[in-house]
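Got the model open in your viewer? Here is a short walk through it, one selection at a time.

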Amino acid sequence: MKTVIANGWVVEPEAQSVVQTDVLIEDDRIVAVGDVGAVADCRIDATGCYVTPGLVDIHVHFRDPGFPEKETIASGARAAAAGGITSVVCMPNTYPTVDEPGVVEYVLRTAAEQGIVRVHTTASITKGLKGKEITEMPALAKAGAVTFTDDGKSVMDPVILLEAFKWAARLGLPITSHCEDHNLVRAGAINRGEVSKALGDVGIPSLAEELVVARDILFAEHTGARLHLQHVTTAGGVQLIREAKARGVRVTGEATPHHFSVTDQLVLTQGALAKVNPPLRTQADVDAVVAGLQDGTLDVIATDHAPHTWDEKQRGLQQAPFGFVGLETSVGMTFTHLVHTGKLSVFDAIKKMTVVPAQIMGLPLPRLHPGAVADITVINPNLEWEVDTARFYTRAKHSPLAGTRLRGKAVQTFVGGRWIYSHERGILE
Ligand SMILES: [Zn+2]
């Protein structure tokens with residue numbers, strides 16, 4: 001079976017090159033990039049679209065094991081495919097926690113059976129994410145965990161954290177940090193500022209993030225381990241990373257589509273649907289996150305896709321859980337808010353969604369050249385569409401972005417040469 005993706009703009013993000021041509025796929029590989037004529041059994045017209053290496057999202061919650069009512073590996077993987085994402089890295093805050101090799105193996109086995117995209121997993125730094133006892137990191141790495149994180153929380157005990165950084169350095173894997181000091185977050189549900197005051201919420205101060213960003217940078221500097229900072233949201237956090245990079249610390253930073261595009265004002269209209277951790281911040285913070293993406297301080301765009309049930313999100317600002325979905329809107333948000341506004345080149349945007357996150361997590365690098373594995377995303381940068389949550393593949397059919405108009409969408413997705421998603425036909429089983 002030969003498939004040609006014809007006449008698209010083939011993007012090589014690192015070389016900053018784009019060429020209008022064809023990509024020929026045979027079995028699981030790309031066999032030719034160039035004018036291939038009429039040799040294929042199947043022809044997909046990509047005129048006016050970017051043909052990019054398959055997108056890599058290193059921050060998702062698929063809730064399996066433990067919370068199938070929120071998401072499963074099968075449903076999460078389909079949401080990824082519909083968002084143009086061909087590889088994901090799952091967070092360990094499942095039940096049981098991914099804190100033993102058996103759970104890593106369960107996730108990877110289930111993914112192999114049910115996932116239509118490539119699913120990798122993290123493992124936790126502490127047992128049960130309790131922050132008290134370190135996991136057996138070498139055994140978890142051996143089982144296939146790509147990084148260690150207590151995402152959702154920060155490890156507050158510096159003795160445990162120091163040990164974890166030392167193990168990470170020895171294993172050659174990064175520590176991945178959710179940066180929030182528990183003592184400062186307390187009962188806050190949203191960013192501490194005018195909106196929290198108006199709504200009577202105690203608020204989560206920027207300092208909660210900045211303290212842990214600064215601390216974890218010091219741990220990376222002291223141990224030589226690599227550090228990846230998840231969902232950076234504050235101007236202060238971005239500046240700390242910028243300074244650390246300037247003095248050679250091995251630190252990378254991540255931004256989510258919601259943190260580079262919308263502010264805590266969204267809570268006024270969307271309520272708990274817009275409750276997320278770390279919280280949506282102010283316009284000055286959004287501008288700082290964008291500046292961080294522009295100057296390379298922030299290396300990665302990742303979604304923090306965090307599905308919950310509708311009922312859970314209806315419990316009010318205080319009681320509803322943190323988090324909302326992002327896999328199916330990530331490309332649209334990135335093109336609408338960064339590329340079409342001229343804030344980020346298409347090369348930089350694609351780089352931060354493909355090769356750079358893959359490099360950080362030690363995954364195979366997605367490439368578009370003959371011989372490469374055919375993980376490919378086709379993006380129509382000018383397709384205008386409205387976020388219709390009823391059409392989502394994730395189990396969480398709600399989002400604070402529902403009804404938003406976006407410009408740019410993933411329209412075809414290939415994993416290992418298999419055509420798994422088409423904008424016209426949906427998920428292709
Ligand atoms: Zn997190």
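A word on terms before you click: a residue is called buried when its relative accessible area is under 20%, exposed when that area is over 50%, and partly exposed in between. Asp304, with a relative accessible area of 5%, is therefore buried. Keep in mind throughout that this is a predicted model.

**Stop 1: the zinc ion**

Select the zinc ion and show what surrounds it. Its protein donors are Asp151 through OD, His178 through ND1 and His231 through NE2, at 2.0 to 2.3 Å. Along the sequence the donor residues follow the spacing D-x26-H-x52-H. Asp151 and His178 link distant parts of the chain, 27 residues apart: Asp151 sits in the loop between α3 (137-143) and α4 (158-171), while His178 belongs to the loop between β9 (175-177) and α5 (182-185).

Switch on a surface and look for these side chains. Asp151 is buried, at 3% relative accessible area, and His178 is buried with 3% as well. His231 comes in at 1% relative accessibility, so it counts as buried too.

Now center on His231, in the loop between β10 (227-229) and α8 (235-246). Which side chain does His231 join through a polar contact of 3.2 Å? That partner is the side chain of His178. Leaving out residues up to four places away in sequence, His231 touches a long list, including His59, Glu209, Glu254, His259 and Asp304.

Step over to His178 and do the same. Beyond its neighbours within four places in sequence, its contacts include Asp151, Gly152, Lys153, Ser154, Val212 and Gln230.

UniProt, in an unreviewed entry, carries a "binding site" annotation that covers Asp151, His178 and His231. These residues span 81 residues in sequence, yet no two of their C-alpha atoms are more than 10.3 Å apart, so they gather at one spot. From this set, His178 is part of the lining of the largest cavity.

**Stop 2: the other annotated set**

Select His59, His61, Asp151 and Asp304 next. The unreviewed UniProt entry lists these under "binding site". They span 246 residues in sequence, but no two of their C-alpha atoms are more than 9.9 Å apart, so they too gather at one spot. If you display pockets, look at the largest one: its lining takes in His59, His61, Asp151 and Asp304.

Zoom in on His61, found in the loop between β6 (55-60) and α1 (73-82). Is His61 buried or exposed? At 5% relative accessibility it counts as buried. Its side chain makes a polar contact of 2.9 Å with the side chain of Asn93. Apart from neighbours within four places in sequence, His61 is in contact with Glu71, Met91, Asn93, Asp151, Asp304, His305, Ala306 and Pro307.

Follow that list to Asp304, placed in the loop between β12 and α11 (310-313). With the same sequence neighbours set aside, Asp304 contacts His59, His61, His231, Thr256, Asn277 and Phe324. His231 brings you back to the zinc ion, where it is one of the donors.

**Stop 3: Thr297**

Move on to Thr297, in the loop between α10 (283-295) and β12 (300-301). Thr297 counts as buried, at 3% relative accessibility. Draw a distance from its side chain to that of Arg242: a polar contact of 3.3 Å joins the two. Neighbours within four places in sequence aside, Thr297 also meets Val238, Ile241, Lys245, Gly253 and Gly292.

**Stop 4: salt bridges**

How many salt bridges are there to look for? The count comes to 11. Here are some to try:

- Arg215 and Asp216: their closest N and O atoms are 2.9 Å apart. Arg215 is buried at 18% relative accessible area, and Asp216 is buried at 1%.
- Lys127 and Glu133: the side chains meet at 3.2 Å, N to O. Lys127 is partly exposed at 32%, as is Glu133 at 45%.
- Lys351 and Asp348: this salt bridge has an N to O distance of 4.0 Å. Both residues lie in helix α14 (residues 346-351), three residues apart, about one turn of the helix. Lys351 is partly exposed, with a relative accessible area of 25%.

How values were computed:
Residues numbered from 1 in each chain as written. Predicted model: local features only at pLDDT ≥ 70, side-chain atom pairs only at ≥ 80, totals over all residues. Heavy atoms only, no water. Donors = N, O, S within 2.8 Å, 3.2 Å for Na, K, Ca; no water. Helix = DSSP H or I, 4+ residues; strand = E, 2+ residues; numbered from the N terminus. Buried < 20%, exposed > 50% of the residue type's maximum accessible area, 1.4 Å probe, protein only. Polar contact = N/O pair within 3.5 Å; in protein donor to acceptor, adjacent residues only side chain to side chain. Contact = heavy atoms within 4.5 Å. UniProt positions renumbered as here; feature names shortened; annotations may be inferred. 1 Å grid on protein atoms, 1.4 Å probe; cavity = no way out; pocket = protein on both sides within 12 Å on 5 of 7 lines; lining within 4 Å.
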